[in-house]
Amino acid sequence: MTEIERLEHFKNQIFENKILQDAICEECDFYFEKENVLEEKINCLLKDRKCNYKIYPFGCDSRNGIFILVNDEYVAYIAGERNAQLCGIISKNVREFFNLLLTCKSLIHYFARQDLDNKNNFEESYEDWNFFSSGTSSQDKAIEDFIEENNFETDVGKLYEMLVSSVTMKPEFIIEDTIYNIKINDVFRSDHKYIAKLIKGNSNSMKINKKSDNNIIKLLPRFKYHPNLSKDDVVIFQEEICQCCGKEVEAYIENIYSRSDVDCICLECVANGDAAKKFNAEFIQDAEEVTDPKKKDELFHRTPGYISWQGEYWLACCDDYCEYLGRVGIEELDELGITDEVLKNYVCENKNRNLLEDIKECLEKEGSMTGYLFKCSHCGKYRLWIDQA
Ligand SMILES: [Zn+2]
Ligand SMILES: [Zn+2]
């Protein structure tokens, strides 16, 4: 039986039973959609994107995501919102797909919560989610019967392994965005990278402990030019080995400008300048002019950069670098009551960059035109830098 035939087989089985069909829709967030609707949806999602696979879309979820059979082999998912940049393999074959779907109840839920990073988290989440998404007793019964009839796996530990081995399957399912020239399985891919390490047998020493972020933050060094560092997403809170000091650390940065291949430096090694020396590296792409070479050294070699579209451009004032306060849009500037002031200055200083009307309309903290807010620690003036995707 080919996978497409197997798919038809499950589909017929489900269509025979209206209660089961509703249960799968309501409890597992999956429904079969008409072929022409699917066609339209997938064309819309793949517009300006390159997808070198034989794909067969067969179902949707409530987030407008699409489930597709790829190369008559495995099942992948493409998120419905284009800017979500999410796609990836979710099961090795059609049978496992229905097994996982009916037992786990909505697979995407676990990805969104990054539950796959840790078996215990997954098991906890599995219990909660199953409890939370239960339906009427006849719906629950229909799902149970279906699981039994098909002899599906129900052991939570085994389901976890099934899911992890699907997500980490090689080669990855990748769609390329031909406009921005990026690969759009970013979210799944970061999971891949992390989970691949788990599978290599480090599973016990590699736990993400989200709850203790606050305790980790308290222990991080302070940075003169980057005082809000802990709130900035340039810091990654995960256990990793720092490539400079070799210690196992709970927070690090991966934004480093160096010819060496480094992507994990702890904040201590940034603060004391060791990483910059060892890898002949800088953490900041570019900055305005400041005369004191010591200040320059502190910014470029001992200060973590920030996440931006085009790389950091650190602003200065009173012959010193400003403090970087974070990413902002009009909303955040309005909250601080400084919108008119900083925008006027920005437009005056950068005559050819952006028009005031465009900025007012498009500047968003998480948008494709982003503001980076700085404040002078001498005269207190706010300054803004803007870049675009
Ligand atoms: Zn280190
Ligand atoms: Zn100043």
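Asp 29 lies in the loop between helix 2 (18-28) and strand 1 (31-32) of this predicted model. Its phi is near 55 degrees, a positive value in a residue other than glycine. Most residues other than glycine have a negative phi, and most peptide bonds are trans. Asp 29 is partly exposed, because 19 other C-beta atoms lie within 10 Å and a residue counts as buried if there are 20 or more.

A positive phi also occurs at Cys 318, where the angle is about 50 degrees although the residue is not a glycine. Cys 318 belongs to the loop between strand 16 (316-317) and strand 17 (320-321). With 13 C-beta neighbours inside 10 Å, Cys 318 is classed as partly exposed; the class of exposed residues requires 12 or fewer.

The backbone has another feature to note at Pro 171. The peptide bond from Lys 170 to Pro 171 is cis, with omega near -10 degrees. Pro 171 is placed in the loop between helix 8 (156-167) and strand 7 (176-177).

The backbone angles described above are collected here.

| Site | Angle | Location |
|---|---|---|
| Asp 29 | phi near 55 degrees | loop between helix 2 (18-28) and strand 1 (31-32) |
| Cys 318 | phi about 50 degrees | loop between strand 16 (316-317) and strand 17 (320-321) |
| Lys 170 to Pro 171 | omega near -10 degrees | Pro 171 in the loop between helix 8 (156-167) and strand 7 (176-177) |

Helix 8, which precedes the loop of Pro 171, also packs with another helix. The axes of helix 4 (residues 94-105) and helix 8 come within 11 Å and cross at roughly 130 degrees. Helix 4 is therefore oblique to helix 8, and their crossing is left-handed. On helix 4, the contact is made by Glu 96, Leu 100, Thr 103 and Cys 104, and on helix 8 by Leu 159, Met 162, Leu 163 and Ser 166. By character, the residues of this contact comprise five nonpolar, two polar and one charged.

A further loop position is that of Glu 289, between strand 14 (286-287) and helix 13 (293-302). Glu 289 is exposed, because 7 other C-beta atoms lie within 10 Å and the cut-off for this class is 12 or fewer. The C-alpha atoms of Glu 289 and Asp 319 are separated by 7.8 Å, while the two residues stand 30 residues apart along the chain.

Key
Residues are numbered from 1 along each chain as its sequence is written. Chains are lettered from A and ligands numbered from 1 in the order in which they are written. This is a predicted model: local features need pLDDT of at least 70, side-chain atom pairs count only at pLDDT 80 or more; totals for chains, interfaces and linings use all residues. Helices (H or I, at least four residues) and strands (E, at least two) are DSSP runs, numbered from the N terminus. Axes are lines fitted to C-alpha atoms, for helices over the stretch in contact, and angles run from 0 to 180 degrees between N-to-C directions. Angles under 35 degrees count as roughly parallel, over 145 as roughly antiparallel, 65 to 115 as roughly perpendicular and the rest as oblique. A crossing is left-handed if the near helix is turned anticlockwise from the far one by less than a right angle, and right-handed if clockwise. Two residues are in contact if their C-beta atoms, placed from the backbone, lie within 7 Å. Ala, Val, Leu, Ile, Met, Phe, Trp, Tyr, Cys and Pro count as nonpolar, Asp, Glu, Lys and Arg as charged, and the others, Gly among them, as polar.
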